[in-house]
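Please open the model in your viewer and keep the selection tool at hand. We will walk through it stop by stop, choosing what to highlight next and seeing what is there.

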Amino acid sequence: MSPEIAIKIEHLSKVYSLRHPQKKEDGTVVHEHWALKDVSFEVKKGESVGIIGPNGSGKSTLLKILAGITKPTSGKVAIRGKVASILDIGAGFHPELSGRENIFLNGQIHGFSKKEISEKYEAIVTFSGIEKFIDEPVKNYSNGMYLRLAFSIMAHLDFDVYLLDEVLSVGDIEFAYNISKKIDQLKKEKKTLIIVSHNLAEIQNSDYFILMQNGRIKSINNKANILLDYSEKAFGKNSVEHIYSSNCSRTDFSHYKTNDTIVLKKIELLQASDRNENFKSNKEFVLNIEFNQVDSNQEIYPILNIKDLDNNTILSSAYFISKQMEIQSEQGNYKWTCIFPANLFNAQSYKICLIFIKSAINDRNLLSLKNEIEKICVLNDVLIFKPELINSDYDYSELSLPGNLFIGFEWDLEYTKLTT
Amino acid sequence: MQNEEVHIMTSAPDKFGTYFRNIWKHRSLIFVFAKRDLKVKYSQTAIGLGWTLLQPLTALFIFTFFFGFLLSWETEGIAYPVYVLSGLLGWNFFSYIVNSGTFGLQESSQLIKKIYFPKSVIPLSKLLIALVELGISLLLLIPLLLYFGQTVSWKVIFLPLVLSYNTVCALCIVFWISVFSYKKRDLLHLIPFLLYFGIWFSPVFFSSDILPPQYAFVLDLNPMANVIQAWRWSLFDFGEFKWIWVANFFIVVAALLSGMYVYNRKESEFSDRI
């Protein structure tokens, strides 16, 4: 195997014998199930591969074989380096043991020495944010604490190849955000990643894609085709995708219909900057909200709430405070844009929540307040973002300054020298 | 990247040599699992490892009361409580490994399905726990020896050999039961029977010469009976050394190795089946 290849898979097949043979329509009895059939591909060092496919398409079986958990029926796999199999976040945790003990237990199960884990221990605990409870048995942890700790361990230990199975789908939005950040970082560090999911958003930023179906590779490395193929078959209606990269936070709704009034299309938060730069507090943010209005004679507008991760509302905003403008009330495509001023946010995570309001137009001549106002849709946690607290010269994020906002008031200094 | 080793995975089972190399490579897991199990076992208990003493202690009292005191069974040369405890040490060691070793696969099934490690480290970690508990039980023997004025023979230097014999007997059963029980669990139901009735076929609390001489060979066929006699021989120079122990030891070692051989061939199916 040439040194730049991290994973080489040749004609891999896996058959499971069924405990209860199944009868087919034509009368033949099936005793076995081919979970994988003749799968071959190569992954270069530092590449990330997204494997997608419906349930039962063989994705997880493939990962299990790569992780060495089960053996193939035929074919061959070669993997170079230390493999992190994150098939289940928190596998190997023991509920009776404390967080501290579990860090060491988990690390050692994954093949690290006590010394290696001790070196990372502080970082793991700090990242997980559960210093106070680290000596409590993990059975007393909340689900969120448990996930944070488990993920923190895997994120800090140094592997060459990462196998990830549906990791974004287990936690809340903040957890998913942290993981996607971490995945971005691993990519920058040139780690080899194999990410399995049935959710396209999770594998968005992969270098190439594999679509699996019935244990076979259906198409490989053709992003457009795969996205199209897959989103039509697997998603259908009411699908929501969260996409995070460093300077864009976006949620795509393909046909998310609310109350027969609007169909949400896209909500995204952007900042004018080079790609791969983080959100910065000293620049303006642009929030785009796109939807189709289905019925006519309604004025529909969004109200913005920004909350912290503990769900405290930090601020609200709506168009009518800053501007008087005429809102259309007919069917069509609507795109609202809201600009957040620079020097407003602190270095912390914020959630964007939107409330859509409709006011029926009964009489054009009446003040709009007298018209009936109704909430038609509340979108909680639609986006999440975390800016760096920055001025032109220096990043102050590390200071962890208190306060939910960090506002750029006008400051001035007058200085007079003391005369003695 | 420091660890540039290439792993090759095919349908072929590991070579027997690789099997042992893999266990060696993951040897730290044996300690990790043993430590974890000990911590878990005694977490939220007030006296912790003290419970390890209580089990042989109660057995000791019950046997001494019924057989030593009520039935006044003779155990020539050794006080009855000392006799029983020296038998219990070997038997409890055996019974702990067999019991926890065979159920260990089921116990760790979540882990086995998510992370690769050689499954053999599970019974080996149980062996380690059994050794710890044996060590603690040995503390119980000391006051008894002092009280009854029992001296320890110089043959105690052979105790490590006796202990290996004891270990091999237990592991042999664990590996063979495991390869047959991961698909169908029937054999696991046999374990409690084996352990409940096995003690009656091993001279733990009775002296081997209560059997009519023509049936004495039955005990020779039972490896655990040999082990327990060997324990007493080594500790107190009680009874005679028998060459049949040596022959038996090699048979059991062969059975253990063949058990491990089959275990290695079946190991990769464990994660699919348990």
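Two strands count as paired here if DSSP finds at least two bridges between them. One more word before we set off: what you are looking at is a predicted model.

**Stop 1: a hairpin in chain A**

Start by selecting residues 5-23 and 29-44 of chain A, which are strands S1(A) and S2(A). The two run antiparallel and are joined by 11 bridges. To see how they line up, show Leu12(A), which stands opposite Val39(A) of S2(A). Now follow the chain from one strand into the other: they make a hairpin with five residues between them. In the turn, click on Gly27(A), where phi is positive at about 95°.

**Stop 2: along to the next strand**

Keep S1(A) highlighted and add S4(A), residues 74-80 of chain A. S1(A) and S4(A) are also antiparallel, with five bridges between them. Two bridges are handy for orientation: Glu10(A) is partnered by Lys76(A) in S4(A), and Ile9(A) by Val77(A).

**Stop 3: a sheet shared by two chains**

What pairs with S4(A) in the other chain? Select residues 6-10 of chain B, strand S1(B): S4(A) and S1(B) pair in the antiparallel sense over five bridges. Show Ile79(A) and look across to its bridge partner in S1(B), His7(B).

Now put the pieces together. With all of these strands displayed, you have an open, antiparallel sheet of four strands in the order S2(A)-S1(A)-S4(A)-S1(B). At its edges are S2 of chain A and S1 of chain B, each of which pairs on one side only. Ignoring direction, neighbouring strands in this sheet are turned by 20° against each other on average.

**Stop 4: where the chains touch**

Next, colour the contact between the chains: 26 residues of chain B are in contact with 31 residues of chain A. On the side of chain B, the elements giving two or more residues are strand S1 (6-10), helix H2 (27-42), helix H5 (109-114) and helix H11 (243-273). Which of them gives the most? That is H2(B), with six residues. Colour this side of chain B by residue class and you will find 11 nonpolar, nine polar and six charged residues.

**Stop 5: the second sheet of chain A**

Go back to chain A and select strands S5, S6, S7, S3, S8 and S9. In that order these six strands form an open sheet with mixed pairing. Strand S5 (83-86) and strand S9 (216-220) are at the edges with a single partner strand each, so one side of each has no neighbour in the sheet. From one strand to the next, the twist averages 20°.

Zoom in on S3 (residues 48-52) and S8 (residues 208-213) of chain A, which run parallel and are joined by four bridges. One pair to display is Val49(A) with its bridge partner in S8(A), Tyr208(A). Then add helix H1 (residues 59-66) of chain A, which packs on this sheet and touches S3, S6 (161-165), S7 (192-197) and S8. The direction of H1(A) makes about 150° with that of S7(A).

**Stop 6: the helices of chain B**

Hide chain A for a moment. How many helices and strands does chain B have? There are 11 helices and one strand, and the strand comes at the N-terminal end of the series, ahead of the helices. The radius of gyration is 20 Å, close to the 19 Å given by the globule rule for 274 residues, so chain B is as compact as a globular protein of that length. Along its principal axes, the C-alpha trace spans about 65 × 45 × 35 Å.

Select H4(B), residues 80-107, and H6(B), residues 121-148: their axes come within 9 Å and cross at roughly 165°. Angles over 145 degrees count as roughly antiparallel, and these two helices are therefore roughly antiparallel to each other. Their crossing is right-handed, and the contact residues divide into 19 nonpolar, five polar and two charged.

For the last selection, take H10(B), residues 223-236, with H11(B), whose axes come within 10 Å and cross at roughly 130°. This pair is therefore oblique, and the crossing is left-handed. Show the side chains that make the contact: Pro223(B), Asn226(B) and Ala230(B) from H10(B), and Ile244(B), Trp245(B), Asn248(B) and Val252(B) from H11(B). By class, the residues of this contact are five nonpolar, two polar and no charged.

Notes: Residues numbered from 1 in each chain as written. Chains lettered and ligands numbered in written order. Predicted model: local features only at pLDDT ≥ 70, side-chain atom pairs only at ≥ 80, totals over all residues. Axes fitted to C-alpha atoms, helices over the stretch in contact; angles between N-to-C directions. Parallel < 35°, antiparallel > 145°, perpendicular 65-115°, else oblique. Left-handed = near helix turned anticlockwise from the far one by under 90°. Nonpolar A, V, L, I, M, F, W, Y, C, P; charged D, E, K, R; others polar. Contact = placed C-beta atoms within 7 Å. Rg over C-alpha atoms; globule rule 2.2 N^0.38 Å.
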